[in-house]
Amino acid sequence: MDQQFGDNLITITDEDGRSYELEILAQFEYKDAEYLALIPADADDTGDMEVSILKSSEVDGEEMLLAIEDEKELEEVYNAMMDLLYDDEETELQ
């Protein structure tokens with residue numbers, strides 16, 4: 001996948017050449033790896049958003065965003081992201 005970063009938007013291109021514009025909800029480190037939580041940029045605010053978590057990795061010297069294949073890793077990263085988001089919300093309320 002190719003990637004381009006903007007303010008809070010990213011455009012990724014998959015192996016088939018299809019491009020997707022996504023909004024970055026969170027970018028964080030967990031166990032020495034970097035992850036991004038993303039939603040479609042055109043998502044409406046109905047609260048029914050599909051969040052994707054991708055792992056940032058270097059492949060052949062190029063930064064790539066990869067799907068997390070391991071279920072255990074995905075669950076751990078999801079929980080870490082939720083902790084991060086809820087900690088940020090609690091800090092803002094204080």
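Two strands are said to pair if DSSP finds at least two bridges between them, and helices (H or I, at least four residues) and strands (E, at least two) are DSSP runs, numbered from the N terminus. The model on screen is a predicted one, in which local features need pLDDT of at least 70 and side-chain atom pairs count only at pLDDT 80 or more, while totals for chains, interfaces and linings use all residues. Residues are numbered from 1 along each chain as its sequence is written, and side-chain values use heavy atoms, with hydrogens and water left out.

**The whole chain**

Begin with a cartoon of the protein chain, which has 1 helix and 6 strands and, read along the sequence, follows the pattern β-β-β-β-β-β-α. Colouring by accessibility is a useful second view: of the 94 residues of the protein chain, 27% count as buried, where buried means under 20% relative accessible area, exposed over 50%, and partly exposed in between, with a 1.4 Å probe and protein chains only.

**Strands 4, 5 and 6**

Select strand 4 (33-40) together with strand 5 (52-59); these two strands pair in the antiparallel sense over 5 bridges, and L38 stands opposite S52 of strand 5. Then add strand 6, residues 62-67, which pairs with strand 5 in the antiparallel sense over 6 bridges. Which residue is the bridge partner of E58 in strand 6? The partner is E63. Between strand 5 and strand 6 the hairpin has 2 residues, and D60 takes a positive phi near 55° there.

**P40 and the largest pocket**

Return to strand 4 and pick P40, which counts as partly exposed at 33% relative accessibility. A distance drawn from the C-alpha atom of P40 to that of V51 reads 8.1 Å, although the two residues are 11 residues apart along the chain.

P40 also belongs to the lining of the largest pocket, so select the lining as a set: I12, Y20, E21, L22, P40, E50, S52 and L54. The terms rest on a 1 Å grid over the protein atoms alone: a cavity is a set of points where a 1.4 Å probe fits but cannot get out, a pocket is an open set with protein on both sides within 12 Å along at least five of seven lines, and lining residues have an atom within 4 Å of a point. About 160 Å³ of space lies in this pocket, where grid points are joined across faces, edges and corners and a volume is the space filled by probe spheres set on the points.

Colour the lining by strand next: strand 3 (19-30) and strand 5 each supply at least two residues, and the largest share, 3 residues, comes from strand 3. By class, the lining has 5 nonpolar, 1 polar and 2 charged residues; here Ala, Val, Leu, Ile, Met, Phe, Trp, Tyr, Cys and Pro count as nonpolar, Asp, Glu, Lys and Arg as charged, and the others, Gly among them, as polar.

**The aromatic pair**

Show the aromatic rings, for which the count comes to 1 aromatic pair. F28 and Y35 form this pair, which is stacked, at 6.0 Å centre to centre and 25° between the planes. Rings of Phe, Tyr and Trp (its six-membered ring) pair if their centres lie within 6.5 Å, and planes under 30 degrees apart count as stacked, over 60 as edge-to-face and the rest as tilted. Are F28 and Y35 buried or exposed? Both are buried.

**The salt bridges**

Finally, display the charged side chains, among which the structure holds 5 salt bridges, each being a side-chain nitrogen of Lys or Arg within 4 Å of a carboxyl oxygen of Asp or Glu. Zoom first to R18 and D14, whose side chains meet in a salt bridge at 3.1 Å, N to O; R18 counts as partly exposed at 45% relative accessibility, whereas D14 is buried, with a relative accessible area of 14%. Adding D16 to the selection completes a network of salt bridges that links D14, D16 and R18.

Move next to K31 and E76, a salt bridge whose closest N and O atoms are 3.2 Å apart. This pair links distant parts of the chain, with K31 in the loop between strand 3 and strand 4 and E76 in helix 1 (residues 71-93), 45 residues apart. K31 counts as exposed at 61% relative accessibility, and E76 as partly exposed at 23%.

Keep E76 selected and add K72, with which E76 forms a salt bridge, the closest N and O atoms being 3.4 Å apart. E76 and K72 are separated by about one helical turn, because they lie 4 residues apart in helix 1, and K72 is exposed, with a relative accessible area of 58%.
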